[in-house]
Amino acid sequence: MKTLIAYASKTGTTEKCARTLAEKIPNATLVDLCAQKPDPSAYDQVIIGGSVRMGSLHVDARQYLEGTKPILLEKPLGIFLCAGFAEKADAIFANNIEAELRTHARQCACFGGEIDFSKLRGFEKLIAKMALRSAGENSAALPHLFPERIETFAALFAGETP
(Lines give C-alpha, C1' and ligand atoms only; values in the text may rest on other atoms or scores of the structure.)
Protein backbone atom coordinates (compact mmCIF):
# COMPACT_ATOMS: atom_id res chain seq x y z
CA MET A 1 0.00 0.00 0.00
CA LYS A 2 1.45 3.37 -1.06
CA THR A 3 1.17 6.08 1.57
CA LEU A 4 1.63 9.81 1.04
CA ILE A 5 2.81 11.70 4.11
CA ALA A 6 2.56 15.40 3.25
CA TYR A 7 3.47 18.01 5.84
CA ALA A 8 3.96 21.74 6.30
CA SER A 9 6.40 22.78 8.99
CA LYS A 10 7.69 26.14 10.13
CA THR A 11 10.40 25.28 12.67
CA GLY A 12 10.94 21.58 12.01
CA THR A 13 8.81 19.84 14.63
CA THR A 14 6.14 18.76 12.14
CA GLU A 15 8.85 17.59 9.75
CA LYS A 16 10.41 15.53 12.55
CA CYS A 17 7.05 13.89 13.32
CA ALA A 18 6.37 13.24 9.61
CA ARG A 19 9.80 11.59 9.26
CA THR A 20 9.07 9.37 12.26
CA LEU A 21 5.80 8.29 10.64
CA ALA A 22 7.57 7.60 7.33
CA GLU A 23 10.06 5.33 9.11
CA LYS A 24 7.22 3.31 10.65
CA ILE A 25 4.84 3.04 7.67
CA PRO A 26 5.96 0.81 4.77
CA ASN A 27 6.02 2.32 1.25
CA ALA A 28 5.62 5.87 2.55
CA THR A 29 6.54 8.89 0.47
CA LEU A 30 7.41 12.02 2.42
CA VAL A 31 6.61 15.41 0.84
CA ASP A 32 7.14 18.94 2.16
CA LEU A 33 4.03 20.92 1.19
CA CYS A 34 6.03 24.15 1.39
CA ALA A 35 8.06 22.93 -1.61
CA GLN A 36 5.59 20.87 -3.67
CA LYS A 37 1.95 19.81 -3.88
CA PRO A 38 1.75 16.12 -4.89
CA ASP A 39 -1.27 14.51 -6.52
CA PRO A 40 -2.87 12.38 -3.78
CA SER A 41 -4.68 10.22 -6.34
CA ALA A 42 -1.40 8.34 -6.93
CA TYR A 43 -1.51 6.93 -3.37
CA ASP A 44 -3.62 4.36 -1.55
CA GLN A 45 -3.78 6.36 1.69
CA VAL A 46 -2.87 9.91 2.63
CA ILE A 47 -1.58 11.50 5.83
CA ILE A 48 -1.38 15.28 6.11
CA GLY A 49 0.28 17.16 8.93
CA GLY A 50 0.80 20.78 9.77
CA SER A 51 2.20 23.05 12.39
CA VAL A 52 -0.05 25.36 14.35
CA ARG A 53 0.77 28.95 15.27
CA MET A 54 -1.59 31.02 17.39
CA GLY A 55 -4.43 28.58 16.68
CA SER A 56 -4.00 28.53 12.90
CA LEU A 57 -2.92 25.55 10.84
CA HIS A 58 0.03 26.18 8.50
CA VAL A 59 -1.37 27.80 5.34
CA ASP A 60 0.22 25.22 3.00
CA ALA A 61 -1.38 22.32 4.88
CA ARG A 62 -4.75 24.06 5.03
CA GLN A 63 -4.71 24.91 1.31
CA TYR A 64 -3.68 21.38 0.39
CA LEU A 65 -6.52 19.88 2.44
CA GLU A 66 -9.03 22.25 0.81
CA GLY A 67 -7.63 21.90 -2.71
CA THR A 68 -7.51 18.10 -2.74
CA LYS A 69 -10.63 17.47 -0.67
CA PRO A 70 -12.57 15.48 -3.33
CA ILE A 71 -9.67 13.04 -3.74
CA LEU A 72 -9.00 12.84 0.01
CA LEU A 73 -12.62 11.87 0.66
CA GLU A 74 -12.08 8.77 -1.51
CA LYS A 75 -9.07 7.47 0.43
CA PRO A 76 -8.08 6.45 3.94
CA LEU A 77 -6.99 9.74 5.48
CA GLY A 78 -5.01 10.75 8.53
CA ILE A 79 -4.50 14.29 9.79
CA PHE A 80 -2.03 15.35 12.44
CA LEU A 81 -1.13 18.64 14.06
CA CYS A 82 1.90 19.80 15.93
CA ALA A 83 0.73 22.35 18.47
CA GLY A 84 2.28 23.56 21.70
CA PHE A 85 -1.03 23.50 23.52
CA ALA A 86 -2.21 19.97 22.79
CA GLU A 87 -5.15 20.32 25.17
CA LYS A 88 -6.71 22.73 22.64
CA ALA A 89 -6.43 20.25 19.75
CA ASP A 90 -10.19 19.70 19.35
CA ALA A 91 -10.79 23.42 18.90
CA ILE A 92 -7.82 23.74 16.52
CA PHE A 93 -9.13 20.88 14.36
CA ALA A 94 -12.65 22.36 14.37
CA ASN A 95 -11.46 25.87 13.49
CA ASN A 96 -9.05 24.86 10.72
CA ILE A 97 -10.28 21.68 9.01
CA GLU A 98 -13.67 21.15 7.43
CA ALA A 99 -15.99 18.83 9.34
CA GLU A 100 -16.39 16.53 6.34
CA LEU A 101 -12.63 15.87 6.24
CA ARG A 102 -12.41 15.43 10.02
CA THR A 103 -15.29 12.96 10.01
CA HIS A 104 -13.88 11.03 7.06
CA ALA A 105 -10.37 10.76 8.55
CA ARG A 106 -9.44 7.43 10.13
CA GLN A 107 -7.43 9.42 12.66
CA CYS A 108 -7.03 13.06 13.68
CA ALA A 109 -4.31 13.52 16.26
CA CYS A 110 -2.23 16.21 17.91
CA PHE A 111 1.35 15.11 18.50
CA GLY A 112 2.15 18.04 20.80
CA GLY A 113 4.84 20.59 20.10
CA GLU A 114 8.27 21.91 20.93
CA ILE A 115 9.91 25.28 21.44
CA ASP A 116 13.21 25.74 19.61
CA PHE A 117 14.35 29.30 20.28
CA SER A 118 17.00 29.09 17.57
CA LYS A 119 14.24 28.90 14.95
CA LEU A 120 11.94 31.57 16.38
CA ARG A 121 12.04 35.24 15.45
CA GLY A 122 10.59 38.45 16.83
CA PHE A 123 7.09 38.22 18.23
CA GLU A 124 7.08 34.40 18.31
CA LYS A 125 10.25 34.38 20.41
CA LEU A 126 8.73 36.92 22.81
CA ILE A 127 5.54 34.85 23.20
CA ALA A 128 7.57 31.66 23.78
CA LYS A 129 9.64 33.35 26.49
CA MET A 130 6.45 34.56 28.19
CA ALA A 131 5.06 31.01 28.10
CA LEU A 132 8.23 29.64 29.67
CA ARG A 133 8.14 32.25 32.41
CA SER A 134 4.48 31.59 33.19
CA ALA A 135 5.15 27.83 33.38
CA GLY A 136 7.87 28.47 35.96
CA GLU A 137 9.13 25.20 37.35
CA ASN A 138 6.11 23.27 36.08
CA SER A 139 7.80 21.50 33.15
CA ALA A 140 4.60 19.55 32.42
CA ALA A 141 3.01 22.85 31.32
CA LEU A 142 5.68 23.36 28.64
CA PRO A 143 5.04 22.20 25.07
CA HIS A 144 6.35 18.70 24.41
CA LEU A 145 5.82 15.88 21.94
CA PHE A 146 3.77 12.77 22.69
CA PRO A 147 5.72 9.86 21.13
CA GLU A 148 2.98 7.39 22.10
CA ARG A 149 0.48 9.30 19.95
CA ILE A 150 2.85 9.11 16.98
CA GLU A 151 3.31 5.36 17.56
CA THR A 152 -0.45 4.73 17.72
CA PHE A 153 -1.08 6.84 14.61
CA ALA A 154 1.70 5.09 12.65
CA ALA A 155 0.48 1.63 13.68
CA LEU A 156 -3.01 2.41 12.37
CA PHE A 157 -1.70 3.36 8.93
CA ALA A 158 0.92 0.60 8.84
CA GLY A 159 -1.87 -1.93 9.33
CA GLU A 160 -0.66 -2.97 12.79
CA THR A 161 -2.58 -3.25 16.03
CA PRO A 162 -1.35 -0.44 18.27
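Contact here means heavy atoms within 4.5 Å. With that in hand, a good place to begin in this predicted model is the pairing of two helices, α1 and α7. From helix α1, residues C17, T20, L21 and K24 meet I150, E151, F153, A154 and A158 of helix α7. Sorted by character, the residues of this contact comprise six that are nonpolar, one that is polar and two that are charged.

Two packed helices are described by the angle between their axes and the distance between the axes. Helix α1 covers residues 13–24 and helix α7 covers residues 147–158; their axes come within 9 Å and cross at roughly 40°. Because angles under 35 degrees count as roughly parallel and those from 65 to 115 as roughly perpendicular, the crossing at roughly 40° makes α1 oblique to α7. The crossing of α1 past α7 is right-handed.

A residue to visit next is I25, which lies in the loop between α1 and β2, the latter spanning residues 28–32. Is I25 buried or exposed? Its relative accessible area is 2%, and buried means under 20%, so I25 is buried. Leaving aside residues up to four places away in sequence, I25 touches T3, I5, Q45, I47, A154, F157 and A158. Two of these names are already familiar, as A154 and A158 in α7 also take part in the meeting with α1. The chain also brings I25 and M1 into view together: they are 24 residues apart along the chain, and their C-alpha atoms are separated by 9.6 Å.

The contacts of I25 lead on to T3, a residue of strand β1, which runs over residues 3–8. With a relative accessible area of 0%, T3 is buried. Which residues does T3 touch, not counting those up to four places away in sequence? They are I25, P26, N27, A28, T29, Y43, Q45 and I47. One of them, Q45, is also linked to T3 through a polar contact of 2.8 Å between the two side chains. Both Q45 and I47 appear among the residues touched by I25 as well.

After strand β1, the loop between β1 and α1 holds T11. T11 has a relative accessible area of 12%, and since buried means under 20%, T11 is buried. Which side chain does the side chain of T11 join in a polar contact? The partner is R53, at 3.2 Å.

Note on methods: Residues are numbered from 1 along each chain as its sequence is written. This is a predicted model: local features need pLDDT of at least 70, side-chain atom pairs count only at pLDDT 80 or more; totals for chains, interfaces and linings use all residues. Side-chain values use heavy atoms; hydrogens and water are left out. Helices (H or I, at least four residues) and strands (E, at least two) are DSSP runs, numbered from the N terminus. Buried means under 20% relative accessible area, exposed over 50%, partly exposed in between (1.4 Å probe, protein chains only). A polar contact is a pair of N or O atoms within 3.5 Å; within protein, one must be able to donate a hydrogen and the other to accept it, and residues adjacent in sequence count only if both atoms are side-chain atoms. Axes are lines fitted to C-alpha atoms, for helices over the stretch in contact, and angles run from 0 to 180 degrees between N-to-C directions. Angles under 35 degrees count as roughly parallel, over 145 as roughly antiparallel, 65 to 115 as roughly perpendicular and the rest as oblique. A crossing is left-handed if the near helix is turned anticlockwise from the far one by less than a right angle, and right-handed if clockwise. Ala, Val, Leu, Ile, Met, Phe, Trp, Tyr, Cys and Pro count as nonpolar, Asp, Glu, Lys and Arg as charged, and the others, Gly among them, as polar.
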